[in-house]
Amino acid sequence: MAGMLEFPEGFTWGVATSAFQCEGAATSPHSSWTRWEELGNVRAGNRSGIACDWWANAERDFDIARDLGLAALRMSVEWSRVEPGPGRWDERALERYREMAAALRTRGIEPMITLHHFTNPIWFEVSGGFLREDSPDLFTRFSERAVSALEGVCDTWVTFNEPNVYATQGYVTGHFPPGLRGRAGLAARVQANIARAHARTYRRIHELQPDARVGWAHHCVTFRPARPGRRVDRLIARLYDRTFNEPFPSLLRDGRMPASLGGRLAGDLSEARGTYDYVGINVYALMRVAFDVRRRGELFGRRVVPADALRGDPTSDDLFGEPYPQGIADFATRLAELGKPIYVLENGYPDRLDAVRPSVIATAARAMHDAIRSGVDLRGYYHWTLTDNFEWDRGWDLRFGLVELDEHTQERRPRPSARLYSAIAASNGLDESRLGMDFPSIQA
Ligand code: BGC
């Protein structure tokens, strides 16, 4: 029955972004992704350029976020701008990030800052990235600089965005730098070093800002058997869940790499135990998987998208699967056992026509409401994303924005979803009777 779903007072309605995706490569010569793009690895063949022009004028989009009535914005700091060469610091870059965070505050928007969102300085990437033994300390040294520079304007930090995606895309599928395929062992080592970097950064931030809130963002995918009646498909779905969703949170909970991700090979990780003040979850999709004996490199699984699945931007579903915001309730409930507040730090859908996105937002709100009602301490939702930005190896092909961007003219046009989301934020609730029947329903 349609009604008003009210959220607890103080629930945060925000948006999530990342530095490289909004700032682009043109002004960022030292980033691993600038190099990756130059090497022709963006499948759409297009270039990020100045992206949403944030390096010069993020404030234009901050105005939009304010006008939509949003309370929070998650942005990231591009490491390669801050430390373009090893131990070489660019104070002007830090000053610009400080200015951006302060600009959010003056608009009544709370900044949340991610210290690592997929990109590395080239010097770090080409010398081994997070396979380097000293990578945890190098990253902590950078974080210390960034956090000190942002003292007084930011106290909520995301150390790493999606270590499981970073490791899988860089070392198993090869879609992200360094572009290696089928190297699951390396992916596990990378996640182990990221856990160390996270733990040291967590402690260092608390030394600098005792009241800071520090956590990380975990990407969660709902895996389902493509043919539920087949035992092999059920096994594959379970295996995918075990190797992708489970390891990193249980590593931070227990201070040990689970057996499903290399176990003891990762070395001592006890320093990582309990190093989080909240748990961030990024929830997008449901993926159906079938057993396929020919796919050894993919753990004998094959992705299947049913013909009648909801579709967003062309070419989106082979990567993103089907939109499944209901997964928020499942994962929030699962991860509640980590004993800390939960935030949805990303959820969205690539949909330039905005045909499906309103349902995604409304269904996400319902899922969160269900989770809260069942006792989960879920405190906020950051929609991905505010303005269309550069979607990694898919370039401009996929459009996730509440606001449409013409990247050539830099013109912006809010999509209907922006109005819907703004109304949810203003009333701190979802008025289901206002939704009408125009939107497709999202089912599993
Ligand atoms: C990433 C974002 C990305 C989004 C949509 C997330 O996994 O953190 O950077 O744009 O998914 O693909």
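Here's a quick briefing on the nonpolar cores and the ligand site in this structure. Keep in mind that the model is predicted. The largest nonpolar core runs to 121 residues, and a second, separate one has 15. As for the ligand, the protein buries 95% of the area it exposes when taken alone.

**Nonpolar cores**
- In the largest core, L73, F130, W157 and I281 have the most contacts inside it.
- Helix 10, spanning residues 184-208, gives this core its largest share, at 10 residues.
- The second core stands separate, and A285, F320, Y343 and W384 are among its 15 residues.

**Around W157**
- Setting aside neighbours within four places in sequence, W157 touches I113, L115, V147 and L150.
- Its contacts also include I205, Q209 and Y278, plus the run A212, R213, V214 and G215.

**Ligand site**
- There are 13 residues around the ligand, and Q21, H117, E162, E391 and W392 come nearest.
- By type, that shell splits into 6 nonpolar, 4 polar and 3 charged residues.
- E162, one of the nearest residues, has a side-chain N or O atom 2.6 Å from a ligand oxygen.
- W384 turns up here too: an N or O atom of its side chain sits 3.3 Å from an oxygen of the ligand. So this residue of the second core also has a polar contact with the ligand, given the 3.5 Å cut-off.
- For H219, the distance from a polar side-chain atom to a ligand oxygen is 3.5 Å.
- Taken alone, the ligand would expose 310 Å², and the protein covers 95% of that.

How values were computed
Residues numbered from 1 in each chain as written. Predicted model: local features only at pLDDT ≥ 70, side-chain atom pairs only at ≥ 80, totals over all residues. Heavy atoms only, no water. Core = buried A, V, L, I, M, F, W, Y, C linked by side-chain atoms within 4.5 Å. Buried < 20%, exposed > 50% of the residue type's maximum accessible area, 1.4 Å probe, protein only. Helix = DSSP H or I, 4+ residues; strand = E, 2+ residues; numbered from the N terminus. Contact = heavy atoms within 4.5 Å. Near = heavy atom within 4 Å. Polar contact = N/O pair within 3.5 Å; in protein donor to acceptor, adjacent residues only side chain to side chain. Areas by Shrake-Rupley, 256 points an atom, 1.4 Å probe, with all protein chains shown as cover. Nonpolar A, V, L, I, M, F, W, Y, C, P; charged D, E, K, R; others polar.
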